[in-house]
Amino acid sequence: RIVVTGGSGLAGFAVVRHLLECEHKVISLDRVPLPEPITEYRFVDCGDLGQIYGACDGADAIVHLAAIPRPINHTPEQVFRTNVMATFNVLEVAATLGISRVVYISSISVLGLPFSYTPVRLEYFPVNEDHPRAPQDAYALSKTLGEDIAVAFVRRAAGRLSVVSLRLPWIHTPETFKTQLTPFWEDPAGGATNLWSYIDTRDVGRACMFSVEADITGHEEIFVCANNTFMKQDTEQLIREFYPEAKISIDFEGNQALIDTAKAKAMLGYEASYSWESYQWN
């Protein structure tokens, strides 16, 4: 029995759908109804601790996606307060009710990207979980603190709770990819602060399922993304032009992703199944 917060969103609905396809019982929590009535839905504001208690009683796991997804059209304090309190509340409920697994949707923004006030200096490519976190804006800070909150609750639960923090890049469907990302083919500078990285919503669903089912104790932060960038240019060419100070630790092949997902493969059995190069409109 899995509770999905933010289940009506772009990624959340894909997660709900995939978990149902894998024969899990799913309850979606959101402030707006599901796009399609495919499972149980409850109106819940994750800023209200009591509402989460009521909705999560009896759950085996929680996948926490509910958040303001970018620091645009909201003030910084709204983004920070909403995201941090929602994450705290979900983990407070999980720890108190004895829910053993939480999947927290973090972000590559913990690196400081893409909404930084000053340029972010990355030390090496491909980026992995050992790379220093360096948030500047309210969204990146909220996601970074979300990981820290997870660590604290795992410590508090003393073996009764494990949390997987999935660090996701820009989330897309084939349709949103076509409208929002193909323009960067002629403007590589525009995609540089996102590391030209993306993930298909269907792979988000798969990664969340693997994270619910994985044999993991404690807290693990894990990058997941597509195997390639959203660009046609060679990755090494992009790095040398836009991140000349960063060390390159491997020989990149073609438009290979700048994010290392080896940990996701080893701990979750995750490897991206979807790529823009196979989209039907391409």
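Q: Let's start with two helices that cross. Which is the crossing of helix 2 and helix 3, left-handed or right-handed?
A: In this predicted model, the crossing of helix 2 and helix 3 is right-handed.

Q: What do people use to describe a packed pair like that?
A: The general idea is to give two things: the angle between the two axes and how far apart those axes are. Here, helix 2 (residues 49-56) packs against helix 3 at about 45 degrees, and their axes are 9 Å apart. Helix 2 and helix 3 are therefore oblique to each other.

Q: Which residues make the contact between helix 2 and helix 3?
A: From helix 2 you get L49, I52, Y53 and C56. Helix 3 brings N89, V90, E92, V93, T96 and L97. Sort the residues of this contact by class and you have 7 nonpolar, 2 polar and 1 charged.

Q: Now for helix 3 and helix 4. At what angle do they pack?
A: The angle between helix 3 and helix 4 is about 15 degrees, with 9 Å between their axes. Because angles under 35 degrees count as roughly parallel, that is the word for helix 3 and helix 4. Their crossing is right-handed.

Q: Which residues of helix 3 and helix 4 meet?
A: On the helix 3 side, look for P76, V79, F80, N83, V84, T87, F88, L91, E92, A95 and T96. On the helix 4 side, find A138, Y139, L141, S142, L145, G146, I149, A150, F153 and R156. By class, that contact of helix 3 with helix 4 has 14 nonpolar, 5 polar and 2 charged residues.

Q: Let's switch to empty space. What shows where it is left?
A: You roll a probe the size of a water molecule over the atoms, and that shows where space stays empty. In this model, the largest pocket has a volume of about 1200 Å³. Its lining takes in 45 residues, and L65, A67, I68, P69 and R70 lie nearest the centre.

Q: Which elements give two or more residues to the lining of the largest pocket?
A: They are helix 1 (10-21), strand 2 (26-30), helix 3 (76-97), strand 5 (101-107), helix 4 (138-157), strand 8 (170-172) and helix 5 (174-181). Helix 3 supplies the largest share, 5 residues. As for class, the lining of the largest pocket has 24 nonpolar, 15 polar and 6 charged residues.

Q: How much space lies in the second largest pocket?
A: About 280 Å³. The second largest pocket is lined by 16 residues, with F13, A14, R17, T201 and R202 nearest its centre. Helix 1, helix 5 and helix 7 (201-213) each give at least two residues to that lining, and the largest share, 6 residues, is from helix 1. The classes split into 6 nonpolar, 5 polar and 5 charged.

Q: On to the backbone. What sign does phi have in most residues other than glycine, and are most peptide bonds cis or trans?
A: Most residues other than glycine have a negative phi, and trans is what you find for most peptide bonds. E23 has a positive phi of about 70 degrees, though it is not a glycine. Look for E23 in the loop between helix 1 and strand 2.

Q: Which peptide bond ending at P114 is cis, and which one ending at P126?
A: The bond from L113 to P114 is cis, with omega near -10 degrees. P114 sits in the loop between strand 5 and strand 6 (124-125). The bond from F125 to P126 is cis too, with omega near 0 degrees, and P126 lies in the loop between strand 6 and helix 4.

Methods: Residues numbered from 1 in each chain as written. Predicted model: local features only at pLDDT ≥ 70, side-chain atom pairs only at ≥ 80, totals over all residues. Heavy atoms only, no water. 1 Å grid on protein atoms, 1.4 Å probe; cavity = no way out; pocket = protein on both sides within 12 Å on 5 of 7 lines; lining within 4 Å. Points joined across faces, edges and corners; volume = space filled by probe spheres on them. Helix = DSSP H or I, 4+ residues; strand = E, 2+ residues; numbered from the N terminus. Nonpolar A, V, L, I, M, F, W, Y, C, P; charged D, E, K, R; others polar. Axes fitted to C-alpha atoms, helices over the stretch in contact; angles between N-to-C directions. Parallel < 35°, antiparallel > 145°, perpendicular 65-115°, else oblique. Left-handed = near helix turned anticlockwise from the far one by under 90°. Contact = heavy atoms within 4.5 Å.
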